[in-house]
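Me: I should like to go through the salt bridges of this structure and the grounds on which each term is applied. Please set each value against its definition.

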Protein chains: 2
Amino acid sequence: MKANEVVSKILKEHEKITDVYFLACGGSLVDLYPGFYFVQTESSTMHTAWMTAREFVLNPPKQAGKNSLLIVCSHGGNTKESVEAANAGKAVGAAVITLTHTPGSKCDDPSMNPWIYDWADTVDEKEKPQGIVLAVLNELMKVQEPDYKLYDAINEGLEKIDGIVRAAVKKVQNRTWLFADKYYDEDFLYIMASGASYSQAYGFAICSLQEMQWMDCCYLHSGEYFHGPFEVTDEEHLYILMMSKGKNRVMDERALTFLQKYGKKYEVIDAEELGIGAIDDSCVEYFNPILFYAMTVAYRTALQDKRRHPLDMRRYMGVVEY
Amino acid sequence: MKANEVVSKILKEHEKITDVYFLACGGSLVDLYPGFYFVQTESSTMHTAWMTAREFVLNPPKQAGKNSLLIVCSHGGNTKESVEAANAGKAVGAAVITLTHTPGSKCDDPSMNPWIYDWADTVDEKEKPQGIVLAVLNELMKVQEPDYKLYDAINEGLEKIDGIVRAAVKKVQNRTWLFADKYYDEDFLYIMASGASYSQAYGFAICSLQEMQWMDCCYLHSGEYFHGPFEVTDEEHLYILMMSKGKNRVMDERALTFLQKYGKKYEVIDAEELGIGAIDDSCVEYFNPILFYAMTVAYRTALQDKRRHPLDMRRYMGVVEY
């Protein structure tokens, strides 16, 4: 599918979009956050909300209706809450775009404008969920907002991000091994980020570590860190700090300064040092999370190998009924 | 101040409100979440966003302007990020309401429609931040939305909630001691809730435990629990589950069923059992967090006494520069 085609189809059927709801569960919800943050910051015609899919079904926003667009992501395509949210959207007349990895799944329904994505290492970022969402929103903004200025910069970013990610993955390989060697047996850690990348602190925690490594951890917003959570900081506590490039970076830098002074065990994953600066300053915020996701994969793979805990091992998900 | 008076003043100056931004840091941000959840769910004229204050300053939403209302809360009244957010709102012509405990502080500025609240145990909930926010929004909805149906039920709820909270505090006293006795030395715990009360899982974690007890913990959404975090669950992990009454309760119940089957150490704080049902079903969702906040105070006080770690002891906040 092409982003401009799906936008054109939706605008033909719905005239205009005033509300964009980003709905999914777990890792797929993480993938939708940069799009949410983009609309919230940049749009002059659309409002937005981002929530776990079941919240939308149980407490539907009164304004969801025929000028709403639901962007729903489900990797397996049959996640009950996400399918229900897509159907709830359709029931109030909203446009729906589903992103799924799985042809033939419930999300692969023609009435939901399904976008089937591949997930392989060789696939371009603009063909994976975070990139697809940015591409779709970029087309939507171009059509709806005559004074929208980021169109070319976002498209250029979507072309450049693959090279950045590939170089960064190589660059951090040894660091991830050293991290795993040093901290594989740690009882607990905190993961911090801000801006659009707060989602990657969340995803690193709940998917990469809690789900895939059964490791206890907590995600924090690096700005909020100073309003409570920093009181636990000492030389024994382990932190991972994801530093974005962009206007939100100052919050991450403040956290780094504090950790340098009062902490001892902290790993910095710095998007700027890893080359994200090749993307235009006007929109770099929205690309940090794509790079950080690749970094979480690198770190969790190193942890898997050192801990001998397969990333795909599950004791509940897909194993027992719940 | 009275809620209807401030609403009337703001509507006179701004004609109508189309966007409500809830901006604060840490515990004050927690207090604003039920209001955010209320507007997102119930309003047909207003959109909303909830974010740590500095995000608003660094990446201001393009739509913030003269028909926006910023509700800003700062207990001490001089929180730099919150004051900056209020000023940023004023600069784009938005209406501002500041909630603060501190007369004479920067938030106590006539141009920000300051609402000075007291915090003592004897003060009614409708005069504390979570209640003030609901009261203000209730008046705003009444004026702006002719088909708004919750006005009387919310006002009744604001009258009833004090009795509910007082009875619940008595009822859980012994439980909190038993909890502290059993778990005071626990390395780590997870805290779960959903709906408007997700904020109380967040606040319990970052304020009551991380800040006030230097205890490691992580907040989780009980719906999201099944999409990653539940993989760490076993008989050794400790959970606190805050169960709401309302449409979101089914998510909390699902988490309870899972914990009963696969966990062993979990504390349930059930708003229904604690009497929240006296409030009308149509709006009970928005009152759960007020009750849960009182419960977090009860539990953290029991932990303080058992652990001999004063709730007010700080090693960084207000002690060092950062």
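Me: Why is the contact between E84(B) and K80(B) called a salt bridge?

Reply: A salt bridge requires a side-chain nitrogen of Lys or Arg within 4 Å of a carboxyl oxygen of Asp or Glu. The N to O distance between K80(B) and E84(B) is 3.4 Å, so the pair satisfies the definition. This is a predicted model, in which local features need pLDDT of at least 70 and side-chain atom pairs pLDDT 80 or more, while totals for chains, interfaces and linings use all residues. Side-chain values rest on heavy atoms, without hydrogens and water; residues are numbered from 1 along each chain as written, with chains lettered from A and ligands numbered from 1 in written order.

Me: What makes K80(B) exposed?

Reply: Its relative accessible area is 58%, and exposed means over 50%, buried under 20% and partly exposed in between (1.4 Å probe, protein chains only). E84(B), at 31%, is therefore partly exposed.

Me: Why is the pair R175(B) and E273(B) called a salt bridge?

Reply: Their N to O distance is 2.6 Å, so the salt-bridge criterion is met. R175(B) lies in helix α6 and E273(B) in the loop between β9 and α9, so the pair ties together parts 98 residues apart in sequence. Helices (H or I, at least four residues) and strands (E, at least two) are DSSP runs, numbered from the N terminus.

Me: How do you know that R175(B) is partly exposed?

Reply: Its relative accessibility is 27%, which falls between the two cut-offs. E273(B), at 35%, is also partly exposed.
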